[in-house]
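Subject: Handing over the structure

Hello,

Please find below the structure that I promised to pass on to you. I would suggest having it open beside this message while you read, so that you can look up each residue as it comes along.

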Amino acid sequence: MHYVVPMRNASLVLLLLVASVLSAAEAPRDIVFRNARVFDGARVIEADVLVRGDRIADVGKTLSAPEGAMVVDGRGKTLMPGLIDSHIHAFGNALEQALIFGVTTELDMFTDAGMARSMREQQAAGGASGRADLFSAGTLVTAPGGHGTQYGIPIPTIAAPEQAQEFVDARIAEGSDWIKIVYDDGSAYGMSTPTVSEKTMRAVIAAAHARKKLAVVHIGTLAAARQAIDAGADAIVHLFIDRAPDAEFGTFVAGRGAFVIPTLVVLKSVTGSAGGESLAGDAAIAPYLDAGARAILQQAFPRRKDRPQVSYAAAEATVRQLAAANVPILAGSDAPNPGTAHGAALHRELELLVAAGLTPLQALTAATSAPAKAFRLDDRGRIAKGLRADLLLVEGDPTRDITATRRIAGIWKGGVAVDRASWAKTIAASREAAERTPEGLETGTLSDFEAGSPVAAFGTTWMPSADDIAGGKSTGKIEVVDGGAADSAKSLSVTGTISSALPYAWFGAMWSPNATPMTPANLSSKKGIRFQARGDGKSYRMMVFAQSKGMMPLVKNFTAGAEWQLVEVAWKDLGIDGSDVMAVIFSGGPEPGEFAFQIDEVALP
């Protein structure tokens, strides 16, 4: 399935980590949960739960509370393990968003390998109490020109089965926790996309198993699903919607000992309706959704006129068949694709799994102990002595009403309470700020640099923005220099060297419309951005961050030649209305090497 995973310039969104809310409000302390209904990852039990530090110290009836322990009365509530989303793509503040909705672990199926490695190192050192834990496939296995290569970021590809072991070993060296293979030619969606051959898929699965790594396969059709399972895949990720399953499919998968991650919420979006749209209006969910999350939850995949018929009912029928055959089913959202959002979408996935025939208890298992077992995460997914104190307390009984998982009363990650209230306040403040028109906007002119400093009419000054926050090594400087457009006295010079350490490297000058960087402001009364540029003749980028676009930059390329040239970009050309602009960056890169350009007469016409 050709999902829109926005890899291009992915590391730029790490800027948001600087301003993100710290979810952890307090250090770990002894906690006793009493009177709650306890779902332990497989069944409901009557027990108290004692947490000491980051671990579950004991589970039993009428446990004594240590001196100074916090006692949580769970009367009318259900205590369960922190949720595990078994199919996501992690960018920006995805892990913080996930934790706010009780998802304490995310299993990533394709992201920047360096970022994933850094996240793993931090969580291993105990520095991730404010976000979900991440485990990742890193770089996926795909053919030249295949799915995963379309995002503007160079990735290694495989062309022949003889390359399999070397290719797999390189992914493991990068830090991949398992191997994900794309075996999908796009035919189910009216597309023609290169994909690995069946022989290459088989060779990669064998290579992964030789290194004792799981091999999971992204498929798009029933035929591909059967071939992947027959080849020895440990799992298929996504279900097919090109046709209904044959009568023996469930028993076939069961007989091979494989598990399945259906990703029903995103299949809804592929087949015509935004999978997570109902979440945006849910009173238990909405206060914790920023503008980007709300927007993407209400999106579906674009309809192609030439696309073959697809059927969501086929996916539901397959889930019923798999469940009847006792195939392990894992809950995964495929966030942040259309119709999804990190954390929130998993609750919708649980609802859809129940609608497809799972019992609420089976659906809860699919988001707790089942993925922990399938992906060999032995320290989580259950409420048992000695395991991680990743816990979710919800109002009501989700073993009867699966939507009760949304009514969150408390979250603990490694024994640390998550401060949802502060997150909600930040979201509310962001919405309020985005609705305000900044003072000074009426002038139109943002910066002419004639005062000799990088000031703007409102918001922040122009400040350096570099890829070192993402592990890059690009360097440079911004300064006001003599000589501006239309014979004016001054302009803003941006110079430096773009390193090849990152395929999406950058260095540039950044401005935000509010005094606090990367917070949104309403600039919709203006048409867009106009500026003058000159330079060394290379192509450069103007990047706009809008909250409604999921925190990914919107890019307009421009050429800075020897003479000053006027560049005009309308909001509508970027796919926004200007109501939630967070930042503008004039940047060098991503091509490595020295660069130099100047900007002047920046205006909002």
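I will begin with D108, which, apart from its neighbours within four places in sequence, touches I88, H89, A90, L134, F135, S136, A137, G138 and W178. Please keep in mind throughout that this is a predicted model.

D108 belongs to strand β9, which covers residues 103-108. Is D108 buried or exposed? Its relative accessibility is 0%, and because a residue is called buried under 20%, D108 counts as buried. You may also like to look at D177, which is 69 residues away from D108 along the chain, while the C-alpha atoms of the two are separated by 9.5 Å.

Three of the residues that D108 touches, namely I88, H89 and A90, also appear among the contacts of H342, so let me turn to that residue next. H342 sits in the loop between α10 (312-324) and α11 (344-355), and with a relative accessibility of 5% it counts as buried. Which residues does H342 contact, once its neighbours within four places in sequence are left aside? They are I88, H89, A90, A94, Q97, A98, F101, E106, A335 and P336. With H89 there is something further to see, as a polar atom of the H342 side chain lies 3.2 Å from the backbone oxygen of H89.

The last two residues in that list, A335 and P336, are joined by a cis peptide bond, with omega at about 15°. P336 is found in the loop between α10 and α11, which is also where H342 has its place. A second cis peptide bond to look at runs from G589 to P590, where omega is near 5°, and P590 lies in the loop between β27 (581-588) and β28 (593-603). Why point these out? Most peptide bonds are trans, and most residues other than glycine have a negative phi.

The second half of that remark brings me to R376 and F449. R376, which is not a glycine, has a positive phi of about 60°, and its place is in the loop between α13 (369-374) and β15. Its relative accessible area is 48%, so R376 is described as partly exposed. F449 is likewise not a glycine and has a positive phi, here of about 65°, and it lies in the loop between β18 (445-447) and β19 (463-466). Is F449 buried or exposed? With 2% relative accessibility, F449 counts as buried.

F449 is also one of the residues in contact with V602, which is placed in strand β28. V602 has a relative accessible area of 2% and is therefore buried. Apart from neighbours within four places in sequence, its contacts are T445, L446, S447, F449, W462, I529, R530, F531 and F586. The C-alpha atoms of V602 and L566, which are 36 residues apart along the chain, are separated by 10.0 Å.

One more residue to visit is G396, in the loop between β15 (391-395) and β16 (408-413). G396 is partly exposed, its relative accessible area being 23%. Leaving aside neighbours within four places in sequence, G396 is in contact with R37, G76, K77 and T78. Between G396 and R407 there are 8.0 Å from C-alpha to C-alpha, and the two are 11 residues apart in sequence.

Finally, a few words on the whole protein, which has 14 helices and 28 strands. A compact globule of 605 residues would have a radius of gyration near 25 Å, and because the protein has 25 Å, the two agree. Taken along the principal axes, its C-alpha atoms fill a box of roughly 80 × 60 × 40 Å. Buried residues make up 60% of the 605 residues, and carbon and sulfur atoms supply 49% of the roughly 22200 Å² that the protein exposes. Of the contacts between residues at least 6 apart in sequence, 73% join residues at least 24 apart. There are 57 positive and 65 negative side chains, and the centres of these two sets lie 5 Å apart.

With best wishes

Notes:
Residues are numbered from 1 along each chain as its sequence is written. This is a predicted model: local features need pLDDT of at least 70, side-chain atom pairs count only at pLDDT 80 or more; totals for chains, interfaces and linings use all residues. Side-chain values use heavy atoms; hydrogens and water are left out. Helices (H or I, at least four residues) and strands (E, at least two) are DSSP runs, numbered from the N terminus. The radius of gyration is taken over C-alpha atoms; the globule rule is 2.2 Å times the number of residues to the power 0.38. Buried means under 20% relative accessible area, exposed over 50%, partly exposed in between (1.4 Å probe, protein chains only). Contact means heavy atoms within 4.5 Å. Accessible areas come from the Shrake-Rupley method with a 1.4 Å probe; for residues, only the protein chains shown count as cover. Lys and Arg count as positive and Asp and Glu as negative; His and the chain ends are not counted. The place of a charge is taken as NZ of Lys, CZ of Arg, CG of Asp or CD of Glu. A polar contact is a pair of N or O atoms within 3.5 Å; within protein, one must be able to donate a hydrogen and the other to accept it, and residues adjacent in sequence count only if both atoms are side-chain atoms.
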